[in-house]
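Here are a few exercises to work through with the sequence and the coordinates open. Try each task on your own before you read the solution.

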Amino acid sequence: MIIKNVNLETVCGITSKLPENDKPEIAFAGKSNVGKSSLINALMNRKSYARISATPGKTQTINYYNINDELYLVDLPGYGYAKVSEQEKAQWGRMIENYLHSSRQLKAIFLLIDIRHEPSANDKMMYEWVVAQGYNPIIIATKLDKLKRSQVDKHVKMVKQGLNLIPGTIVIPFSAETKQGREEIWELTETEFLG
Ligand code: GDP
């Protein structure tokens with residue numbers, strides 16, 4: 001994908017009505033601090049357009065990035081941040097559920113998991129939930145540069161087993177530092193979900 005222009009077109013809070021876009025949407029989910037903003041910036045060739053959080057989990061919005069007037073990257077609010085209240089957690093759930101139910105243009109969901117750690121209970125819940133909504137998410141195993149090359153296969157296996165992934169589910173290791181995995185994500189998006 002050649003990035004010609006990017007524009008944060010819509011920011012939806014809990015009470016906002018979601019936009020009815022006429023272009024494909026690719027959504028990104030993951031716990032706070034997993035590297036979602038960093039991934040979205042890397043995909044857009046921007047350094048800090050998507051906010052990289054100093055205080056994770058603070059803003060609960062759904063952000064729509066218009067890419068080349070061709071598609072939207074949709075940044076879903078991060079989950080699992082310990083310091084938010086029960087009320088905020090419930091709001092988060094409603095926002096995501098509403099998005100998954102009502103977006104007619106949602107073509108793919110990427111679920112981000114930190115490659116270093118066993119998937120958390122929240123990660124598992126999120127995966128199962130997305131599957132229950134009828135989607136088969138693609139897994140992005142983030143922070144790849146934090147592992148030695150010799151550890152990668154073992155950790156990919158740990159992610160697969162930890163989430164109990166449906167056989168055949170794609171797992172793409174990614175690093176925002178080296179940009180490894182970026183091309184693969186765009187290629188998959190272009191060949192499978194656009195056009
Ligand atoms: P978000 O809360 O999921 O949007 O996560 P951010 O993109 O804000 O990243 C959280 C922290 O992890 C920041 O300090 C990032 O610099 C760091 N980070 C994100 N991706 C990577 C990566 O691929 N490699 C390394 N080493 N650090 C990363």
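## Exercise 1: the overall fold

This is a predicted model, and its chain holds 5 helices and 7 strands.

**Task.** In what order do the elements of the chain run from the N terminus on, and how does the radius of gyration of the chain stand against the globule rule?

**Solution.**
1. Start at the N terminus and write down each element in turn: β-β-α-β-β-α-β-α-β-α-β-α.
2. Next, take the radius of gyration, which is 16 Å, and set it beside the 16 Å that the globule rule gives for 195 residues; the two are close, so the chain is as compact as a globular protein of that length.
3. For the extents, the C-alpha trace spans about 45 × 40 × 35 Å along its principal axes.
4. Finally, look at burial and contacts. Buried residues make up 35% of the 195 in the chain. Of the contacts with a separation of 6 or more, 75% are between residues 24 or more positions apart.

## Exercise 2: strand E4 and its partners

**Task.** Is strand E4 (residues 71-75) enclosed or open, and which strands pair with E4?

**Solution.**
1. Count the buried residues, using the cut-off of 20 or more other C-beta atoms within 10 Å. In E4, 5 of the 5 residues pass, so the strand is largely enclosed by the rest of the structure.
2. Now sort the side chains by direction. Leu 71, Leu 73 and Asp 75 point one way, while Tyr 72 and Val 74 point the other way; all of them are buried.
3. Turn to strand E2 (residues 25-30), which pairs with E4 in the parallel sense over 4 bridges. Here Phe 28 has Asp 75 of E4 as its bridge partner.
4. Strand E3 (residues 62-67) runs antiparallel to E4, and 5 bridges join the two. Tyr 64 stands opposite Val 74 in E4.
5. Follow the chain from E3 into E4: the two strands form a hairpin with 3 residues between them. In that turn, Asn 68 has a positive phi of about 55 degrees.

## Exercise 3: the ligand shell

**Task.** How many residues surround the ligand, and which helix gives the most to the shell?

**Solution.**
1. Collect the shell: 19 residues surround the ligand, and the closest are Gly 35, Lys 36, Ser 37, Ser 38 and Ala 176.
2. Assign the shell to elements. Helix H1 (residues 36-44) gives the most, with 3 residues.
3. Split the shell by class, which yields 4 nonpolar, 10 polar and 5 charged residues.

Conventions
Residues numbered from 1 in each chain as written. Predicted model: local features only at pLDDT ≥ 70, side-chain atom pairs only at ≥ 80, totals over all residues. Near = placed C-beta within 6 Å. Nonpolar A, V, L, I, M, F, W, Y, C, P; charged D, E, K, R; others polar. Rg over C-alpha atoms; globule rule 2.2 N^0.38 Å. Buried ≥ 20, exposed ≤ 12 C-beta atoms within 10 Å, placed from the backbone. Contact = placed C-beta atoms within 7 Å. Pairing = 2+ DSSP bridges.
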